Amino acid sequence: MTMTFRKEIAGALGDPNLASALGRFYEAYPVSRAKAYQGIDFEAVRTRIAEVKGDATGRLPELAERFAKEAGARGAKVVLLKSPEEVRRYIVDLAREKGVRKVAKSKSMASEEVHLNRALTEAGIDVKETDLGEWIIQLAGQRPSHMVMPAIHLSKEDVAEIFSNEVGERLSTDIPRLVKVARKELRSAFLEADMGISGANIAVAETGTLVLVTNEGNARLVTSLPRIHVAIVGLEKLVERFEDVVPILTALPRSATGQLLTSYVSMITGAAPNTDGTPKELHVVLMDHRRTEMAADPVFKEALQCIRCASCLNVCPVYRHVGGHVFGDVYTGGIGTILTAWTGAMERSKEIQGLCIQCGNCVGVCPGKIDIPELIVEVRRRQVQEKGQPFVQKAIFSVVNNRRLFHSVLRSASLAQKPFEKDGFVRHLPLFLSGLADFRSLPAIAERPFRDAFRAIEQKVFRATEPAEKGAEAPVAPRTRKAAFYAGCLIDFAYPGMGEDVVKVLNAGGVEVTFPEAQTCCGAPARYSGAYEVAARNAIDNIEALLAEEVDWVVSACPTCTTALRHEFARSLRSTGKAEWVARAEALAAKVIDFSSLVTRLVDEGSLKLDPRKVPAVTYHDSCHLKRTLHVSEEPRALLRRAGHEVVEMKESDTCCGMGGSYSLKFPEISKPILQKKLANIRDTKASAAVMDCPGCVMQIRGGLDKSNDTVEVQHIARLLARAVAEHAGDGSEA
């Protein structure tokens, strides 16, 4: 990562106006979006959009040809152009041929993509943006920071200063007054323009229709008043039938800004007459710019289902803090990372792709059902394939891939940390390592890892009669069920007590726990870094270890590890050509279950009893992978209530805590404000404890609270459930 990029991040994080503007919108958006979708089946709508857009992606050349035929029959001139250079040349040449002196533009990300304004200006043509946000950006000499709200990063004070410089008059920050000034200044642009340039949200092949969705009347003026209208349309905007417009129009305003519908929906089918009765020239530029290449890619074709609503930006915890000028190029945020990689700015993509924390918040709100985090991981994988792993990363993963060496290093580190460890924390580190413990205390590596402690655990399995199977007349004879415990690195080497709690709870539910000692790192750090070969090696080692003994379940108390075992082993093996291991990976996945889901099952069937004693109120933090990938959210809350706790909901309970595995080490400056927001939300609940299902989240949140000398207890849910079953199990200790 370049120092320039680090400075961009620091600049964004140090901008109080940016933090205020993005923070307000981030908090307000989920509420307005939820209201807008009331009474609408969002899953049904986005499934339909994915079908419509997915079908179109597979037939782009065919649909482009049909659109050109239908629009051409209605008086439009349609050209299909491959590159940004061709698009710029066509429009500049057209303007020169027609004697165009002034151009009025409505909002068009496609024109931003080809840097059209600069080309027209260099040709001596006056170009004016007429969308309010775009005009502000143009006057400021900036690029959009958001695909829907290009000037979201600017305060009203910034806008007042920009407008004052433009009109030569000192303006106040009164928003109605600023809008009035803009309206006055832009009015002449519509009337004097020889050419209007727009984009389009949808292009219908069946009828040759362009659909424009806007909140300002400028787009209608731009497309109707000038004698020439040029529409720049990316091929991904094509759909086959007119009826395909409906689900997109249903989702676009609701997902973009939380509106029921936008102020203006314009549909342009063929050339309309000018105001003086002469025929208008309508030129539709269908722009490829690697879109057909993307459509042919079995992985990245999914990205073309994007309807440019920017909902992925609106819920992204990283975008919330750094904005689009850092997290993006022409297109911003997570989807912008993918589009940037495909539209030529690969060097920029190499930097911004690292900003994705892989929280998955964008996946659930995307109307196109795009798995943006997974596509970003694929970007990383291909970059590793092309350039190789960085030296330090390669060295680290070579150690991780050697289980015995990796575990020996961790054991040695437990000795090396002694001068810095106190009360189970490492609060200060020397020299270049100091930043690692700057905003949170780190957990000390355990003197005795869980794998050693497990051998000394005397398991007390309280067997219950196994429930009768459906259709059976009576319960079957008691049987001790078995679960192989996959600890993961943090529980094994930092939090062995969590592992002991897991064993205690499962024993109380009649489950004997085994610990396959050959288990090693789940490979998530390698996979999320694009090092799939390393992740595949980890997968093979763990498959061999965890399937060596017949068990009923493979249980993990770490959602990231659970996700790796259940979903990612097979993906990593397929993508690296190790097809012979895929069937075994799938056999393992069928047994994998997260801790809270297994405990819920045991409680529901009567095998496990929780003692609902009077205990303090707690708040619950949803770990990203547990809620969004494994879809487990209500189960842990219900378990806490059954154990006697009142659960006080915190604000933004499912927003990432900023840990993100190794993310907090790569981007501590971003991890810090994300964590601080989470800690503030925890404190606001006044709960005595914050509970979660993820050891990584425990590390981040517990470390942050310790650093600020806060007394809120932070625990994995296994600890509270172990307390609730201690009396039932005949052991009142709290280890």
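Which helix lies across strand 16 and strand 17? The views below, taken from a predicted model, include the answer.

**View 1. Helix 27 lies across strand 16 and strand 17.** This helix spans residues 582-591. Its direction runs at about 35° to strand 17. Helix 28, residues 595-604, packs on the sheet as well. Helix 28 touches strand 14 (481-486), strand 15, strand 16 and strand 17. The direction of helix 28 makes about 85° with that of strand 17.

**View 2. Four strands form an open sheet.** Their order is 15-14-16-17, and the pairing is parallel. Strand 15 (511-514) and strand 17 (592-594) stand at the edges. Each has a single partner strand, so one side of each is left without a neighbour in the sheet. Neighbouring strands are turned by 40° against each other on average, direction ignored.

**View 3. Strand 16 pairs with strand 17.** Strand 16 covers residues 553-556. The two strands pair in the parallel sense over 3 bridges. Look for Val-555: its bridge partner in strand 17 is Ile-593.

**View 4. Cys-522 has a cysteine neighbour but no bond to it.** The closest cysteine sulfur belongs to Cys-561. It lies 3.9 Å from the sulfur of Cys-522, too far for a bond. A disulfide needs the two sulfur atoms within 2.5 Å. Cys-522 counts as buried, at 7% relative accessibility.

**View 5. Cys-694 and Cys-697 are also too far apart for a bond.** The sulfur of Cys-694 is 3.8 Å from that of Cys-697, its closest cysteine sulfur. Cys-694 is buried, with a relative accessible area of 7%. By the 2.5 Å rule, the count comes to 0 disulfides.

Terms used
Residues are numbered from 1 along each chain as its sequence is written. This is a predicted model: local features need pLDDT of at least 70, side-chain atom pairs count only at pLDDT 80 or more; totals for chains, interfaces and linings use all residues. Side-chain values use heavy atoms; hydrogens and water are left out. Two strands pair if DSSP finds at least two bridges between them. Axes are lines fitted to C-alpha atoms, for helices over the stretch in contact, and angles run from 0 to 180 degrees between N-to-C directions. Contact means heavy atoms within 4.5 Å. Buried means under 20% relative accessible area, exposed over 50%, partly exposed in between (1.4 Å probe, protein chains only).
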